[in-house]
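Trainee: Please take me through a close look at one single part of this model, and then place that part among its surroundings.

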Amino acid sequence: MRKNRPFKTGIVIVFLVLTAFAATAYAQQGDVRKGKRIYEQFCVPCHGLEGKGDGTRGKSEHFDPMPRNHVNGEYMNKRPQQELFEVIRNGGFSKNFSHIMPPWKTILADEEIWDALGYVRSMAVPPYQPAGPQ
Ligand code: HEC
C-alpha cells in the first residue's frame with residue numbers, strides 16, 4: 001500500500017486547510033451572546049442600548065460626529081468585517097474616523113472584539129449577510 005501514501009497525505013492536507021478556513025470564518029462571526037455583554041459594558045454609553053448611536057455620553061458631550069448608528073444596515077452592511085474589527089481594535093483615528101471612538105486593544109482580547117462585532121452585526125436592519133471568509 002506504499003503507493004497510496006501521497007494520495008492519503010494529500011487528503012489530510014486538504015482536510016487541514018479546510019478546517020483552518022472554517023475555524024477562521026467561525027471566529028470572525030463572533031459569539032453574539034458574549035458580544036452583547038461586552039457591548040453593554042463598554043459601548044452603550046456612546047452607542048446607546050439599542051446601538052442607535054444615541055447613548056447618554058454622545059448626547060451630553062455633544063460628540064461631533066455622533067457615535068455610529070449600528071442599526072443602520074444600509075451603511076453598516078457595506079463595511080467589510082476586517083475594517084470594522086480594526087476600527088474597534090485600533091480606534092477611530094486609525095481609519096480616519098473620529099478619535100472619540102476609542103481603541104479597545106488594551107482592554108479587550110481579539111476574540112472579544114470579534115464577539116462585540118458579532119453583536120454589532122446582529123443589530124443591523126436590514127439584517128447583515130456574512131460574506132464568508134474575507
Ligand atoms: C466614547 C464614545 C465611544 C465608545 C465608548 C465607543 N464608541 Fe464606537 N464610535 C464612537 C464614535 C464617535 C464613532 C463614529 C466615528 C466617526 O464617524 O468618525 C464610532 C464608530 C464606531 C464604529 C463604526 C466604524 C465604521 O467603520 O463606521 C463601530 C463598529 C464602533 N464604533 C464600535 C464600537 C464598539 C464595539 C464599542 C465598544 C467596545 C465602541 N464602539 C465604543 C464612539 C464610541
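**The iron site and its surroundings**

Mentor: Met 101 has a relative accessibility of 22% and so counts as partly exposed, where buried means under 20% relative accessible area, exposed over 50%, and partly exposed in between (1.4 Å probe, protein chains only). The model is a predicted one, in which local features need pLDDT of at least 70, side-chain atom pairs count only at pLDDT 80 or more, and totals for chains, interfaces and linings use all residues. Residues are numbered from 1 along each chain as its sequence is written, and side-chain values use heavy atoms, with hydrogens and water left out.

Met 101 is a partner of the ligand's iron atom, which is coordinated by the SD atom of Met 101 and the NE2 atom of His 47 at 2.0 to 2.2 Å. Donors here are N, O and S atoms within 2.8 Å of the metal (3.2 Å for Na, K and Ca), and because water is not among the atoms, sites may look incomplete. The iron atom has six donor atoms, with angles of 87 to 180 degrees among them, and its site is octahedral, a label given to six donors if opposite ones are over 155 degrees apart and all others between 65 and 115. His 47 lies in helix 3 (residues 44-47) and Met 101 in the loop between helix 6 (81-90) and helix 7, so the pair ties together parts that are 54 residues apart in sequence. Helices are DSSP runs of H or I with at least four residues, numbered from the N terminus.

His 47, with a relative accessible area of 9%, is buried. Leaving aside residues up to four places away in sequence, His 47 touches Tyr 39, Lys 52, Gly 53, Asp 54, Gly 55, Pro 67, Arg 68, His 70 and Met 101, contact being heavy atoms within 4.5 Å.

Tyr 39, one of those neighbours of His 47, leads to a helix pair, since Tyr 39 is among the residues of helix 2 that meet helix 7, together with Val 32, Lys 34, Gly 35, Lys 36 and Ile 38. On the side of helix 7, the residues met are Glu 111, Glu 112, Asp 115, Ala 116, Gly 118, Tyr 119, Val 120 and Ser 122. The axes of helix 2 (residues 32-42) and helix 7 (residues 110-122) come within 7 Å and cross at roughly 95 degrees, and the two helices are therefore roughly perpendicular to each other, a term that covers 65 to 115 degrees.

The loop between helix 6 and helix 7, where Met 101 lies, also holds Leu 108 and Asn 96. Leu 108, at 7% relative accessibility, counts as buried, and, again leaving aside residues up to four places away in sequence, Leu 108 touches Ile 38, Phe 42 and Ile 113. Asn 96, by contrast, counts as exposed at 77% relative accessibility, and its phi is near 60 degrees, a positive value in a residue other than glycine. Most residues other than glycine have a negative phi, and most peptide bonds are trans.

A further loop, between helix 4 (56-60) and helix 5 (73-76), contains Pro 65 as well as His 62. A cis peptide bond joins Asp 64 and Pro 65, with omega about 0 degrees, while His 62 has a positive phi near 50 degrees and counts as exposed at 67% relative accessibility.

Notes:
Axes are lines fitted to C-alpha atoms, for helices over the stretch in contact, and angles run from 0 to 180 degrees between N-to-C directions. Angles under 35 degrees count as roughly parallel, over 145 as roughly antiparallel, 65 to 115 as roughly perpendicular and the rest as oblique. Four donors count as tetrahedral if all angles lie between 85 and 135 degrees; four count as square planar and six as octahedral if opposite donors are over 155 degrees apart and all others between 65 and 115; anything else is irregular.
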